[in-house]
Amino acid sequence: MLRYIASGLAVLALGTGVNAETNKIKIGYVNTFSGPNAFIGNDERDGFELALDHLNHKMGGLDVQMIYEDDQIKPEIGRQVTEKLLQSDKVDVVTGYNWSNVLLASVKPAIDAKTFIISGNAGPSQLAGEACSPWFFSASWQNDQTPMALGELLNQRNVKKLFVLAPNYAAGKDMAAGVKNTFKGEVVGEEYTRWPGQVDFSTELSKVRSVKPDAVWVFYPGQAGAQFIQQYSQAGLLGQIPIYSSFTVDALTLPQLKELALGHISTQEWVQDISNPTNQKFVADFRKKYGRYPSYYSAQNYDAAMLIASAVVATNGKLDDKDAFRAALEKANFQSVRGKFRYNSNHFPIQDFYAQEVVKDAQGNYTMKTLSTVYTDMKDTFYQKCSMK
Amino acid sequence: MSLFIEQTLNGVQLALLLFLVAAGLTLVFGIMDFMNLSHGSLFMMGAYFAATFVTLTGSFVLGGLIAIVCTTLLGFVIEAVWLRPLFGRGHLDQVLGTFGLVLFFNDFVRLVWGPGGRTVGLPQMLQGHVYFGPNFSYPVYRLVLIAVGLLVAAGLFLLVQRTKTGMIIRAAASDREMAGAIGADINRVSAMVFGLGAALAGLAGLFAAPILTVQIGMGDNILILALVIIVIGGLGSVRGAFLAALIVGLIDALGRAYMPNLLRLILSPVAASTAAGALSSVAIYILLAVILLVKPQGLFPARGAR
């Protein structure tokens with residue numbers, strides 16, 4: 001009898017011991033917080049923090065401790081701060097990661113440390129295919145998918161001759177490959193510009209004018225997008241040759257672009273007017289807290305926080321049971337702002353993609369509205385190359 | 001053919017924008033022997049002033065003039081408060097001190113104007129296109145930029161080569177102490193040249209604002225190109241800066257325009273676009289390296305430069 005009580009006490013002691021040790025979850029968050037593109041990193045952090053507000057800064061009874069690090073959009077810096085988070089802060093999860101090249105450099109240290117790494121935005125093709133990992137999850141999409149939806153939209157809109165323009169780095173090439181993958185017409189011109197740092201696109205725009213395509217597709221994320229659309233307008237091309245984009249005209253660049261972007265059409269996995277209670281709450285609270293419309297960047301990061309929280313709840317806060325934690329992440333048992341959210345075998349979401357248009361709301365703010373659903377339950381094209389089944 | 005002319009014009013307008021920044025940088029270096037990395041910040045401040053005052057006054061010309069005046073005043077303040085103590089020091093101290101200013105201004109702008117960028121609309125009269133033929137038009141604004149750039153270049157040339165002030169500037173550039181010894185007020189010349197450089201940076205910022213969108217760190221990209229230009233052109237030489245800016249602008253524009261087609265003769269289209277992007281972006285640095293090897297003084301060194 002005594003033995004039973006003793007062992008019972010021991011179990012209790014052990015149990016409280018574990019709780020005492022892990023009564024908080026440490027989340028490392030790597031994104032761009034300095035330089036001209038800091039507004040993307042800040043927007044993503046805002047989305048993540050709004051989720052924490054909604055969770056009362058607790059996940060399954062554990063207090064959430066956030067540690068933010070700046071990657072300066074440099075792969076080597078991203079890797080360095082990720083290693084710092086893993087080794088000296090000993091975080092339980094790393095997340096954030098807006099840029100594909102930064103993410104690609106930062107994945108290996110996380111995998112080596114057997115720590116889950118969750119992308120809030122970047123989705124390089126490598127990580128969906130050959131380089132997929134049981135430690136990596138995407139809360140966004142694979143890079144090719146959004147432009148693939150755009151290529152399909154171009155087919156629907158009867159575009160025959162397309163001019164493709166993107167920056168010369170990992171995501172730029174994935175995005176262009178995505179459009180070319182589904183677009184059935186002819187690609188009459190293709191330019192890859194210096195990234196980052198090219199400030200003047202007059203050379204490329206002169207080429208567009210001389211080739212006379214039916215439409216132009218571009219991928220210029222962040223500040224470069226506002227710059228490009230503005231120069232496109234100044235070159236007299238806006239209204240002459242329709243321009244479509246991926247990740248270029250969004251809630252972050254619209255306040256600058258204003259009427260230049262009115263009627264602009266792009267594709268996205270999330271639009272602010274998607275009708276479900278989670279999204280309505282997210283958009284309303286985001287606008288209340290930050291005084292602006294959320295972007296897909298902040299929406300995805302809101303989902304990333306909720307995804308992590310769902311796994312902590314499902315495993316009762318046992319962060320050391322990595323297999324159970326992984327199984328819980330794979331279930332993605334949370335209310336996504338996208339409505340539905342489930343994982344494919346390569347840890348990328350299976351989701352819908354929409355066509356969206358820039359409109360003015362009742363207060364005169366510029367925002368997006370959904371036009372149509374381009375793809376339903378779309379899987380990326382790389383998952384069969386992934387060894388996880 | 002019209003495409004070639006258009007691409008050449010693209011190169012020339014980029015060159016003249018770069019020249020406006022490089023001219024101030026090279027004058028300050030030539031005359032005060034002072035390495036001023038914060039010159040790019042003056043360019044950025046010029047653009048932010050332009051964004052503010054053009055919106056406030058509703059006039060591109062009036063707002064632009066206020067922006068240039070503000071940038072010039074800011075230049076005087078920076079010179080008097082922060083740079084003068086650094087004048088006698090080595091170049092490394094100056095680089096560090098002015099790099100600190102770059103960081104300061106980037107965060108200052110974030111504090112005052114917020115993290116997002118600004119746009120400056122073009123005035124109605126500059127929005128159109130000039131048609132040179134049925135298939136060949138060019139934006140009025142960029143033609144105006146070319147005209148203003150050429151006027152400034154001519155004005156600077158006359159000022160430096162044909163006036164008494166210019167003579168003193170040149171004298172100070174070739175030997176600061178000696179020019180002081182024969183009675184030129186070197187401090188006044190320094191302040192004047194610094195103000196002139198700031199005004200040119202402000203002018204460049206004003207003209208860049210509608211094209212580039214006004215954003216934090218916009219001065220950093222332009223500063224690197226301006227540094228390349230003054231090294232290629234010869235430190236302290238305005239003529240050198242002008243010619244080097246033309247070379248760099250044309251290499252950049254024509255490289256981007258024609259390199260992919262040339263490489264497509266020997267490579268697959270995708271490889272060609274990738275390689276061309278990489279090659280045209282490093283072409284000017286290759287040129288820089290070659291010039292440093294062959295003619296370390298630059299192509300057109302200021303007379304008497306050490």
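**Reading a two-chain model, feature by feature**

Q: Let's start with the helix at the front of chain B. By how much does α1(B) bend, and where?
A: Keep in mind that this is a predicted model. The bend in α1(B) is about 30 degrees and sits at L20(B).

Q: How many residues does this helix have, and what span does it reach?
A: Helix α1 of chain B covers residues 2-32, which makes 31 residues. From first C-alpha to last it reaches 44 Å, close to the 45 Å expected at 1.5 Å a residue.

Q: How many of the residues in α1(B) are buried?
A: The helix is mostly covered, with 26 of its 31 residues buried. Just past its end, look at the backbone of D33(B), where phi is positive at about 55 degrees.

Q: On to strands. How do strands of a sheet pair?
A: The general idea is that they pair through backbone hydrogen bonds, either parallel or antiparallel. For an antiparallel case, take β1 (residues 129-133) and β2 (residues 136-139) of chain B, which are joined by 4 bridges. A hairpin of 2 residues connects β1(B) to β2(B), and G133(B) has F136(B) as its bridge partner.

Q: Which strands of chain A pair in the parallel sense over 4 bridges?
A: Those are β1 (residues 24-31) and β4 (residues 93-96) of chain A. To find the register, start from Y29(A), whose bridge partner in β4(A) is T95(A).

Q: In what order do the strands of the chain A sheet run?
A: The order is β2-β3-β1-β4-β5-β6, an open sheet of 6 strands with mixed pairing. At the edges are β2 (58-59) and β6 (136-138) of chain A, each pairing on one side only.

Q: Now the interface. How much area do chain A and chain B bury between them?
A: They bury about 2900 Å², and 45% of that is on carbon and sulfur atoms. In terms of contacts, 34 residues of chain A touch 38 residues of chain B. The two chains also share 3 salt bridges. One of them ties E6(B) to R209(A), at 2.3 Å from N to O.

Q: Last one: why is L227(B) classed as partly exposed?
A: Because its relative accessible area is 24%, and the partly exposed class lies between 20% and 50%. L227(B) belongs to helix α9 (residues 218-233) of chain B. Beyond its sequence neighbours within four places, L227(B) contacts L25(B), M35(B) and L37(B). L37(B) is 190 residues away along the chain, yet the two C-alpha atoms are separated by 9.0 Å.

Definitions and conventions. Residues are numbered from 1 along each chain as its sequence is written. Chains are lettered from A and ligands numbered from 1 in the order in which they are written. This is a predicted model: local features need pLDDT of at least 70, side-chain atom pairs count only at pLDDT 80 or more; totals for chains, interfaces and linings use all residues. Side-chain values use heavy atoms; hydrogens and water are left out. The expected span of a helix is 1.5 Å times one less than its number of residues. The bend at a residue is the angle between axes fitted to the seven residues ending there and the seven starting there. Buried means under 20% relative accessible area, exposed over 50%, partly exposed in between (1.4 Å probe, protein chains only). Two strands pair if DSSP finds at least two bridges between them. Contact means heavy atoms within 4.5 Å. Buried area is the accessible area (1.4 Å probe) that two parts lose on being put together, summed over both. A salt bridge is a side-chain nitrogen of Lys or Arg within 4 Å of a carboxyl oxygen of Asp or Glu.
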